[in-house]
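This report looks at a few local features of one protein chain, taking up its peptide bonds, its strand pairing and a loop residue in turn. Please keep the sequence and the coordinates at hand while reading.

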Amino acid sequence: EPQGLFRSKDGGQTYEMVRGLYDHPHRSDWGSGFGGPAIHTVLPHPSDPARMVVAMSTGGVYRTEDGGLGWNRLGQFPQAVFPRCVGFADARRGWVGNINITAGQIQADTSLFETIDGGRTWANISPRISGDTVVGLCGMRVVSPSVVVAVGRRGGPAVFVKTTDGGQTWTSRSLAPLATGIVDLTFFNERDGFAVGGLGVGYSEAEQRASRTVILPTHDGGA
């Protein structure tokens, strides 16, 4: 199915397609992706309902400031980068996680990108991550201006990534053997949250059918 964003104005009883994104002139450039075209992250503005950012692994990162009528692409990523998740600490500073699947080939040290100009430009900051190997990232949450957490990757390896200094430094830890792949997470505060993924994840139908869902809670900030 093509990428589509839907909006409800009655508390979820009915939905309508956001045509401004669906009919975007860039649509012909958005690829189908490894698992089909999709919008992976929808990031509403915390105080302005007219503003929103979405991330599409094969389409890029787009922002609307008029309730979805018009959408502008935030920067241009290298062809081998698939922005799966996005988070902003303020109007200028944000991060993108690259799922890192390019025709089955893994691009080294390209899991995390940062912007300090509101998304106009992005820099690869993957070398700032210390700890267990991070191949790609699928889910991200900005808990506070200082604390950002992220997880990856669908298909593995399963890792938890965190900064406590606003992105200056990052640490990573493996979530094996608790999971072989992680797709998303949420945090309620700096200590309490959970990640979701699977054991036995893979890409073949047989692997998918044999895998099972895992939910990993934390009450110490993922330490």
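## Cis peptide bonds

Proline 177 lies in the loop between strand S15 (170-174) and S16, where strands are DSSP runs of E with at least two residues, numbered from the N terminus. The peptide bond that leads from alanine 176 to proline 177 is cis, with omega near 5°. A second cis peptide bond, with omega about 0°, joins glycine 156 and proline 157, and proline 157 is placed in the loop between strand S13 (148-152) and strand S14 (159-163). Most peptide bonds are trans.

## Basis of the model

The model is predicted, so that local features need pLDDT of at least 70 and side-chain atom pairs count only at pLDDT 80 or more, while totals for chains, interfaces and linings use all residues. Residues are numbered from 1 along each chain as its sequence is written, and side-chain values use heavy atoms, with hydrogens and water left out.

## Strands S16 to S18

Strand S16 (residues 181-187) runs antiparallel to strand S17 (residues 193-199), and six bridges join them; two strands pair if DSSP finds at least two bridges between them. The connection from S16 to S17 is a hairpin of five residues, and threonine 186 has phenylalanine 194 in S17 as its bridge partner.

S17 also pairs with strand S18 (residues 212-218), in the antiparallel sense and over seven bridges. Here the bridge partner of glycine 198 is threonine 213 in S18.

## Serine 111

Serine 111 lies in the loop between strand S8 (94-98) and strand S9 (112-115). Contacts (heavy atoms within 4.5 Å) of serine 111, not counting residues up to four places away in sequence, include Val96, Ser126 and Leu137.

Key. Helix = DSSP H or I, 4+ residues; strand = E, 2+ residues; numbered from the N terminus.
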